[in-house]
Amino acid sequence: MTTTHDHCIDICNKLLRGERSAVETYDKAISKYGDEPLLDELSRIRADHQHAVTVLTQNVRSMGGTPEDGAGAWGAFANLVQGAANLFGADSALEALQNGEKSGRTDYQGALDDDEVLPECKALISSELLPLVEEHIVTLESLQKAT
């Protein structure tokens, strides 16, 4: 295994941790809002993050790596979402979710800018994963305006 593969595995595992944490974050938001109208959208976004977990797990394995189980930086957002929802309601929770998505976008863009990330990994990010995150940001902005 080359250094490039090792580096790419590390980057994909970082992205995987972020996606696992995003799933956790949306689980908390969904449990908080129960029957709210935004539940369908939050559930759909959560499903997109779960799909990203599956895709990144397969990608790490295809490079000969071991997918990591833990959550990443989104863990702090999960706690922030829960606290914001408890204290300030849906609008603050949506803002926290949006900030988490923006952090994820930054991580994906960083991977695309990294010369040591393999072209096939960049293709997966640019064609499938990053567009989902971009769409999530737009959706959350719309939901926030509607609340």
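Student: How many helices and how many strands does the protein chain have?
Tutor: This is a predicted model: local features need pLDDT of at least 70, side-chain atom pairs need 80 or more, and totals for chains, interfaces and linings use all residues. Numbering starts from 1 along each chain as its sequence is written, and side-chain values use heavy atoms, without hydrogens or water. Secondary structure follows DSSP runs: helices are H or I, at least four residues, strands E, at least two, numbered from the N terminus. The protein chain has five helices, and its strand count is zero.

Student: What pattern does the protein chain follow along the sequence?
Tutor: The protein chain has five helices and zero strands. Read along the sequence, the pattern is α-α-α-α-α.

Student: What distance does helix H5 reach from its first C-alpha to its last?
Tutor: H5 covers residues 119-146 and has 28 residues. From first C-alpha to last, H5 reaches 39 Å.

Student: On which residue is the kink in H5 centred?
Tutor: The bend is the angle between axes fitted to the seven residues ending at a residue and the seven starting there. In H5 the kink is about 40°. Its centre is Ile-125.

Student: What share of the 147 residues of the protein chain counts as buried?
Tutor: Buried means under 20% relative accessible area (exposed is over 50%, partly exposed in between; 1.4 Å probe, protein chains only). For the protein chain, the buried share is 46%.

Student: Which elements give two or more residues to the largest nonpolar core?
Tutor: A core joins buried Ala, Val, Leu, Ile, Met, Phe, Trp, Tyr and Cys residues through side-chain atoms within 4.5 Å. The largest has 24 residues, and those with the most contacts inside it include Cys-8, Tyr-108 and Ile-125. The elements that give two or more residues to this core are H1 (3-33), H2 (39-62), H4 (90-113) and H5.

Student: Which residues does Cys-121 contact, leaving aside neighbours within four places in sequence?
Tutor: Contact means heavy atoms within 4.5 Å. Cys-121 is among the residues with the most contacts inside the largest core. Its partners are Cys-8, Cys-12, Asn-59 and Met-63.

Student: Is Asn-13 buried or exposed?
Tutor: Asn-13 sits in helix H1. Its relative accessible area is 3%, so Asn-13 is buried.

Student: Which residue offers a backbone nitrogen to the side chain of Asn-13?
Tutor: Asn-13 touches Val-60, Thr-66, Pro-67 and Glu-68, not counting residues up to four places away in sequence. Thr-66 is 53 residues from Asn-13 in sequence, yet 8.5 Å away in space, C-alpha to C-alpha. At 2.9 Å, the side chain reaches the backbone nitrogen of Glu-68.

Definitions and conventions: The expected span of a helix is 1.5 Å times one less than its number of residues. A polar contact is a pair of N or O atoms within 3.5 Å; within protein, one must be able to donate a hydrogen and the other to accept it, and residues adjacent in sequence count only if both atoms are side-chain atoms.
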